[in-house]
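Visitor: Got a minute to walk me through this one? I'd like to hear what sits where before I go back to the bench.

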Amino acid sequence: MGNLVAILLGIIVLPIVILGTIPFLGWANWLALPLIAAGIVAGQLSSSGNGGRNFCIVVGIIAAVRLSLGGGVI
């Protein structure tokens, strides 16, 4: 069940992170980070697989790289 929740959170957050890659919309990644963290926790709690957790980690890496390139704000 946790794996499914992690996948759903990852699918919901991915468009927000993609929107955050546009210049001057980097603040959207700050909104996505708590949901990414919740997806990672939900994926970690499930014992049946780790695909959802890994998907959330990849989305989180994309958001973190974008934030680091923009100085955390832009």
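Visitor: Let's start with Asn 3. What does Asn 3 touch, not counting residues up to four places away in sequence?

Guide: This is a predicted model, so take everything here as computed. Asn 3 touches Ala 42, Ser 46, Ser 48, Gly 49, Asn 50, Gly 51, Gly 52 and Arg 53, once residues up to four places away in sequence are left out.

Visitor: And where is Asn 3 found?

Guide: In helix 1.

Visitor: Buried or exposed, that Asn 3?

Guide: Asn 3 is buried, because its relative accessible area is 16% and the cut-off for buried is under 20%.

Visitor: How far is Asn 3 from Leu 45 in space?

Guide: C-alpha to C-alpha, 8.0 Å, although Asn 3 and Leu 45 are 42 residues apart in sequence.

Visitor: OK, zooming out. What's the secondary structure of the protein chain?

Guide: Three helices and zero strands. Reading from the N terminus, the order is α-α-α. The chain is as compact as a globular protein of that length, because its radius of gyration is 12 Å, close to the 11 Å that the globule rule gives for 74 residues.

Visitor: What does the C-alpha trace span along its principal axes?

Guide: About 40 × 15 × 15 Å.

Visitor: How much of the chain do buried residues make up?

Guide: Buried residues come to 35% of the 74. As for the outside, the chain exposes about 4,300 Å², and carbon and sulfur atoms supply 81% of that.

Visitor: What about contacts between residues at least 6 apart in sequence, how many of those join residues at least 24 apart?

Guide: 70% of them.

Visitor: On to the inside. Which residues make up the largest nonpolar core?

Guide: Six residues: Val 13, Val 17, Ala 32, Ile 36, Val 59 and Ala 63. Helix 1, helix 2 and helix 3 are the elements that give two or more residues to this core.

Visitor: Pick Ala 63. What is Ala 63 in contact with, leaving aside neighbours within four places in sequence?

Guide: Val 17, Asn 29, Leu 33 and Ile 36. Val 17 and Ile 36 are also listed in the core with Ala 63.

Visitor: You said Asn 29 there. Where is Asn 29 found?

Guide: Asn 29 is in helix 2, which covers residues 27-45.

Visitor: Why does Asn 29 count as buried?

Guide: Because the relative accessible area of Asn 29 is 0%, and anything under 20% is called buried. Beyond its neighbours within four places in sequence, Asn 29 is in contact with Ile 16, Val 17, Gly 20, Ala 63, Arg 66 and Leu 67.

Visitor: Arg 66 caught my ear. Where is Arg 66, and is Arg 66 buried or exposed?

Guide: Arg 66 lies in helix 3, residues 51-69. Arg 66 is buried, with a relative accessible area of 12%. Arg 66 and Thr 21 are 45 residues apart in sequence, with their C-alpha atoms 6.3 Å apart in space.

Visitor: Back to helix 1 then. How do Ile 18 and Leu 19 sit for exposure?

Guide: Ile 18 is in helix 1, and Leu 19 is in helix 1 too. Ile 18 counts as exposed at 52% relative accessibility. Leu 19 is partly exposed, with a relative accessible area of 40%.

Visitor: What are the C-alpha separations for Ile 18 to Ala 63 and for Leu 19 to Asn 29?

Guide: For Ile 18 and Ala 63, 8.4 Å, with their positions 45 residues apart along the chain. For Leu 19 and Asn 29, 8.4 Å, with the two ten residues apart in sequence.

Visitor: Any backbone oddities? What's phi of Phe 24?

Guide: Near 70°, a positive value in a residue other than glycine. Phe 24 is in the loop between helix 1 and helix 2, and counts as exposed at 67% relative accessibility.

Visitor: Last one, the surface. Which residues make the nonpolar surface patch of about 420 Å²?

Guide: Met 1, Leu 4, Val 5 and Leu 8. Met 1 is in the segment before helix 1, which runs 2-19. Met 1 is exposed, with a relative accessible area of 75%.

Note on methods: Residues numbered from 1 in each chain as written. Predicted model: local features only at pLDDT ≥ 70, side-chain atom pairs only at ≥ 80, totals over all residues. Heavy atoms only, no water. Patch = residues over 30% accessible without salt bridge, like charges linked within 9 Å, V, L, I, M, F, W, Y side chains within 5 Å. Areas by Shrake-Rupley, 256 points an atom, 1.4 Å probe, with all protein chains shown as cover. Salt bridge = Lys/Arg side-chain N within 4 Å of Asp/Glu carboxyl O. Helix = DSSP H or I, 4+ residues; strand = E, 2+ residues; numbered from the N terminus. Buried < 20%, exposed > 50% of the residue type's maximum accessible area, 1.4 Å probe, protein only. Contact = heavy atoms within 4.5 Å. Rg over C-alpha atoms; globule rule 2.2 N^0.38 Å. Core = buried A, V, L, I, M, F, W, Y, C linked by side-chain atoms within 4.5 Å.
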